[in-house]
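Grab a pencil and work through a few short exercises. Each one comes with a solution you can follow step by step.

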Amino acid sequence: MRKSWLDLLLLDAAPDELQRHGGELARSRGAAAADRETAQALRLAMVLRQQAQRAAESAALNDIAIRLATLHAPDDLLPEIVDQARRLLGADLAYLGLVEDGYLRLKVTSGALTPELVGVAIPLSVGLAGEVIEHAAPRWTADYRAERRFRHDDTADTAARAESMRGLLGVPLRLRGRVLGALFVGKRQKRDFTEHEVTLASALAAHAAIAIENADAISSLNAANDQLARRTGELEQTLRWDQRLTRVVLTGGGVEGLLAEIGSMARGQVRFVAEPPDDGTADSAAVAQPVVAGERRFGALVIDGEAVRDDRLLLDRAAPALALALLAEQAAAEASRSTRAALLVELLTTTSERPTVRQAGLDPSARYSVLVVASGRARLPHLPGALTAEHGGRLLVVTTAGPDGIRRDWPHDAPTAGIAGPARGQAELRRCFHEARQTLRALEVLGRTGEAATAGQLGLYRILLDHAGRRDLAEAFEHLLGPVLAEERHRGVPLTETLRVFLDHGCRPRPAATALAIHVNTLYQRLAAVDSLLGEGWRSPQRALELHMLLHLTAASGPLDEPGGG
């Protein structure tokens with residue numbers, strides 16, 4: 001049975017089969033009518049084939065869109081886009097670039113002969129890529145290397161030559177008025193691109209742009225979720241650490257207990273350094289966390305070797321707790337020192353039977369030396385078993401060192417100090433305190449700043465500075481130097497000062513005159529007046545020493561006729 005034109009078209013007959021059928025009709029029906037029907041059948045077959053191809057391409061495009069929508073990782077998505085573009089358009093080569101920092105940076109290729117294209121950064125103002133990005137529209141050329149409609153880029157041209165690229169079509173990856181990048185398909189021979197191919201590539205690029213943005217959004221969301229999960233884990237971990245550290249503090253564990261707990265929680269070896277090195281000599285592999293409270297720096301928590309992130313977080317959480325513990329420990333120690341210092345002052349300066357030697361922090365069976373130092377905030381040399389307290393601007397020191405050893409080893413840059421001892425028990429310690437205080441006052445009167453002397457060395461001077469001895473001193477001054485003072489007041493000439501300076505310079509006239517800023521003859525005249533008042537015997541060593549002592553004590557102690565003076 002002979003088939004009709006409709007049967008052949010439904011069977012998708014080939015063009016030569018349609019022409020054979022037309023030939024058969026020409027023999028039976030006439031050539032003119034058969035040729036007309038044959039031409040119509042061929043045109044209809046071509047339209048049907050084009051529509052079938054369009055339908056297949058649309059189906060393929062939908063499949064590609066679905067496939068791209070399932071890929072959320074950029075590393076998987078971008079290679080899939082260029083693979084699908086090359087297959088869909090029957091191209092030799094496909095590649096994709098994204099806009100980054102003013103460049104179109106090529107990310108992936110499909111069908112490339114060399115790795116030259118990947119990573120190429122093309123300025124947005126040059127090449128076919130620049131045209132696509134600038135106008136946000138498709139652009140193509142039948143022969144890229146010979147094209148003169150756009151400005152070429154050396155880097156892109158080098159890659160094109162390496163790939164033997166000729167025909168090239170570029171379409172923008174556009175989304176909501178923003179160009180994300182561009183998709184390119186190329187042939188290695190000269191080739192024009194049809195409007196249908198441009199439309200097909202543009203449709204694929206539209207799906208790709210949506211998929212890329214979705215993948216970026218999902219990637220960002222995943223990163224944010226990962227970071228949130230990590231932060232949540234860190235928070236839970238820090239809460240557990242805080243609970244453990246708080247438990248140590250509440251149970252009275254103190255600094256050592258905290259350090260032990262921190263060490264048990266860390267993966268590395270943790271230690272506390274009271275004074276961390278800051279001169280660049282510290283171990284570069286160690287991780288240090290400062291331990292501070294306000295403006296006070298106690299030191300640092302250190303993990304030796306390479307620390308993991310958890311260890312760094314642990315140090316960050318543990319440092320404030322350790323700082324508070326150190327602060328509390330120091331406050332308790334300071335309070336204890338203050339209490340002990342107050343008890344020591346009361347023991348040495350009062351006649352009360354409380355506190356006892358033991359309550360003041362001393363051993364009742366031990367022998368101690370007592371020092372009274374001129375400055376209450378002085379830095380002292382090391383003294384064994386020393387307890388200190390500030391009293392009336394002076395520093396009181398009780399030490400197990402012997403008096404002679406302290407005096408012998410006293411540094412030249414140390415403050416003036418009076419020393420007494422050794423003593424055992426309350427009564428002897430109080431006596432030694434008074435002797436040491438008198439000794440210090442005597443040293444200051446004699447101008448022996450920076451020295452340390454024992455009570456035995458300056459016994460006479462100690463007595464002279466005692467309140468009872470001061471009345472005797474006033475009487476002795478009036479008896480020995482009263483006439484000189486009276487003549488000084490009468491004549492208005494500083495005879496007592498002249499006498500003191502003369503004795504200070506070993507009875508040598510010229511140095512004394514220089515110190516007084518007077519001529520030596522003037523000095524002789526004043527000394528002659530003193531001779532007439534005291535008699536020539538005042539120059540003897542014994543009398544000169546007594547006069548010298550009286551003059552110094554008068555200058556340093558104030559009026560001797562007032563019991564409370566000096």
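**Exercise 1.** Work out whether Cys432 is buried or exposed, and do likewise for Cys507.

*Solution.* Keep in mind that this is a predicted model. Start with Cys432: its relative accessible area is 1%. Buried means under 20%, so Cys432 is buried. Next, Cys507 has a relative accessible area of 31%. That value lies between the 20% and 50% cut-offs, so Cys507 counts as partly exposed. And how many disulfides does the structure hold? Zero.

**Exercise 2.** Find how helix α4 and helix α7 are oriented to each other, and which residues touch.

*Solution.* First, locate the helices: α4 covers residues 74-89 and α7 covers residues 195-250. Their axes come within 11 Å and cross at roughly 170°. Angles over 145 degrees count as roughly antiparallel, so that is how α4 and α7 run. Now look at the contact: α4 brings residues including Leu77, Ile81 and Leu88, while α7 offers, among them, Leu200, Leu204 and Ile212. Sorted by class, this contact has 14 nonpolar, one polar and two charged residues.

**Exercise 3.** Do the same kind of analysis for helix α14 and helix α16.

*Solution.* Here α14 spans residues 495-504 and α16 spans residues 520-534. The axes come within 10 Å, crossing at roughly 105°. That falls in the 65 to 115 range, so α14 is roughly perpendicular to α16. On the α14 side, Leu495, Thr498, Leu499 and Phe502 make the contact; on the α16 side, the residues include Arg526, Leu527 and Val530. By class, the contact has eight nonpolar residues, one polar and one charged.

Technical notes: Residues are numbered from 1 along each chain as its sequence is written. This is a predicted model: local features need pLDDT of at least 70, side-chain atom pairs count only at pLDDT 80 or more; totals for chains, interfaces and linings use all residues. Side-chain values use heavy atoms; hydrogens and water are left out. Axes are lines fitted to C-alpha atoms, for helices over the stretch in contact, and angles run from 0 to 180 degrees between N-to-C directions. Helices (H or I, at least four residues) and strands (E, at least two) are DSSP runs, numbered from the N terminus. Angles under 35 degrees count as roughly parallel, over 145 as roughly antiparallel, 65 to 115 as roughly perpendicular and the rest as oblique. Contact means heavy atoms within 4.5 Å. Ala, Val, Leu, Ile, Met, Phe, Trp, Tyr, Cys and Pro count as nonpolar, Asp, Glu, Lys and Arg as charged, and the others, Gly among them, as polar. A disulfide is a pair of cysteine sulfur atoms within 2.5 Å. Buried means under 20% relative accessible area, exposed over 50%, partly exposed in between (1.4 Å probe, protein chains only).
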